[in-house]
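Thank you all for making the time this morning. I would like to walk through one structure with you, going from one pair of side chains outwards to the chain as a whole, so please keep the picture in view while I talk.

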Amino acid sequence: HTHTHTHEMEKITADNTVALVQCEDAVVEKVKGIVGDSGSAQVVEDVKGSDGAFDAVVVGSYALLSDEFCASALSSLRNGGLFIVVKGAGEDIASMLTLAGFVDMVSSEGEVVCTKPDYGVGSSLKLSIKPKQQQVVKLSMDDLNDEDLVDEDDFLTEEDKEKATTAPERDDCELTDGSRKACKNCTCGRSEEEEKGEAPKTQEAKSSCGNCYLGDAFRCGSCPYLGMPAFKPGEKVTLEL
């Protein structure tokens with residue numbers, strides 16, 4: 001009969017102080033033989049009020065367990081102490097012991113053994129947590145398919161397209177020495193005027209925004225001064241027609 005309890009009882013060591021709660025005589029004698037004269041094996045009815053007094057608490061049967069008893073047993077143990085239920089196999093006592101605060105539960109050869117955590121109430125532990133590294137995804141042009149590309153024309157409405165086709169065309173005649181020269185494919189009549197030797201017609205233009213003299217960067221899209229160099233405010237400037 002005593003051989004049944006040998007394996008887990010060996011976790012108790014010499015010089016331990018052990019509480020034996022309603023255990024059979026064979027279990028009591030086994031524990032006394034382990035702790036020897038330097039230890040103490042105390043047969044008790046309950047462990048309530050014995051805070052931190054024992055290295056191990058051995059209970060004779062799972063029938064003695066209750067939430068209150070488990071809480072008292074946990075309190076009576078030193079940190080890292082053992083709690084052994086001799087006849088605990090076959091009964092679902094794991095949840096009760098876990099809720100009471102016991103850890104490292106093992107069931108073997110008809111016994112259930114668990115441990116009081118090796119830290120006190122209110123203890124703190126510094127955690128070393130490495131910051132999560134952000135993953136950067138690099139894409140090359142080979143990773144992109146034509147299907148992944150968006151046609152910007154898809155964002156235009158019919159009204160946008162109509163405005164784009166009715167916008168005034170910019171004069172593309174070449175600007176040389178401050179005056180325009182007919183381009184190679186001239187269709188505006190400038191080429192004929194140059195062949196006849198006639199001076200280009202000029203007229204004085206008026207600015208509607210007041211920024212024309214600053215240069216092309218400050219001129220609007222339909223500015224008559226586009227392509228001409230900046231000039232001083234008030235300076236008379238004539239445009240070739």
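Let me begin with lysine 48 and glutamate 68, which form a salt bridge in which the closest N and O atoms are 3.4 Å apart. Lysine 48 sits in the loop between strand 2 (40–44) and strand 3, while glutamate 68 belongs to helix 3, so this pair ties together parts of the chain that are 20 residues apart in sequence. I should say straight away that what you are looking at is a predicted model, and everything I quote is computed from it. Both partners are out at the surface: lysine 48 counts as exposed at 57% relative accessibility, and glutamate 68 counts as exposed at 55%.

How many salt bridges does the structure hold? There are two, and the other one to look at joins the side chains of arginine 78 and aspartate 55, with a distance of 2.8 Å from N to O. Here arginine 78 comes from strand 4 and aspartate 55 from strand 3, so the pair ties together parts that are 23 residues apart in sequence. Arginine 78 is partly exposed, at 34% relative accessibility, and aspartate 55 is likewise described as partly exposed, with a relative accessible area of 22%.

Now let us turn to helix 3 itself, which runs over residues 67–76. Its buried residues are Phe69, Cys70, Ser72, Ala73, Leu74 and Ser76. As a general reminder, an α-helix has 3.6 residues a turn, so residues three or four places apart point the same way. What do the buried residues of helix 3 pack against? Their partners are strand 1, strand 3 (54–59), strand 4 and helix 4 (94–100).

Two serines of this helix deserve a closer look. Serine 72 counts as buried at 13% relative accessibility, and, if we leave aside its neighbours within four places in sequence, serine 72 is in contact with Val47 and with Lys48, the lysine that takes part in the salt bridge with glutamate 68. Serine 76 has a relative accessible area of 0% and is therefore buried, the cut-off being under 20%. With the same sequence neighbours left aside, serine 76 contacts Val47, Ser50, Asp51, Gly52, Ala53, Phe54 and Val57. Between serine 76 and aspartate 55 there are 8.7 Å from C-alpha to C-alpha, for a separation of 21 residues in sequence.

From there we step into strand 4, residues 77–85, where we find leucine 77. Is leucine 77 buried or exposed? It is buried, with a relative accessible area of 1%. Not counting residues up to four places away in sequence, leucine 77 touches Gly52, Phe54, Asp55, Ala56, Val57, Leu82, Phe83, Phe102 and Lys116. For one of these, glycine 52, the C-alpha to C-alpha distance to leucine 77 is 4.7 Å, although the two are 25 residues apart in sequence.

Next, two points of backbone geometry that I would check by eye. In general, most residues other than glycine have a negative phi. Aspartate 15, however, has a positive phi, near 70°; this aspartate is found in the loop between helix 1 (6–9) and strand 1 (17–21), and it is partly exposed, with a relative accessible area of 48%. Aspartate 104 also has a positive phi, near 55°, but its place is in strand 5, residues 103–108, and it counts as exposed at 60% relative accessibility.

On the surface, please find Asp151, Glu152, Asp153 and Asp154, which gather in a patch of negative charge. Aspartate 154, one of the four, is in the loop between strand 6 (111–115) and helix 5 (158–166), and it is exposed, with a relative accessible area of 59%.

Finally, the chain as a whole. Its secondary structure comes to six helices and 10 strands, and of its 241 residues, 29% count as buried. The protein exposes about 17,000 Å², of which carbon and sulfur atoms supply 49%. Among contacts with a sequence separation of 6 or more, 55% are between residues 24 or more positions apart, and the contact of leucine 77 with Gly52, across 25 residues of sequence, is a case you can trace on the screen.

How values were computed
Residues numbered from 1 in each chain as written. Predicted model: local features only at pLDDT ≥ 70, side-chain atom pairs only at ≥ 80, totals over all residues. Heavy atoms only, no water. Patch = residues over 30% accessible without salt bridge, like charges linked within 9 Å, V, L, I, M, F, W, Y side chains within 5 Å. Areas by Shrake-Rupley, 256 points an atom, 1.4 Å probe, with all protein chains shown as cover. Lys, Arg positive; Asp, Glu negative; His and termini not counted. Charge placed at Lys NZ, Arg CZ, Asp CG, Glu CD. Helix = DSSP H or I, 4+ residues; strand = E, 2+ residues; numbered from the N terminus. Buried < 20%, exposed > 50% of the residue type's maximum accessible area, 1.4 Å probe, protein only. Contact = heavy atoms within 4.5 Å.
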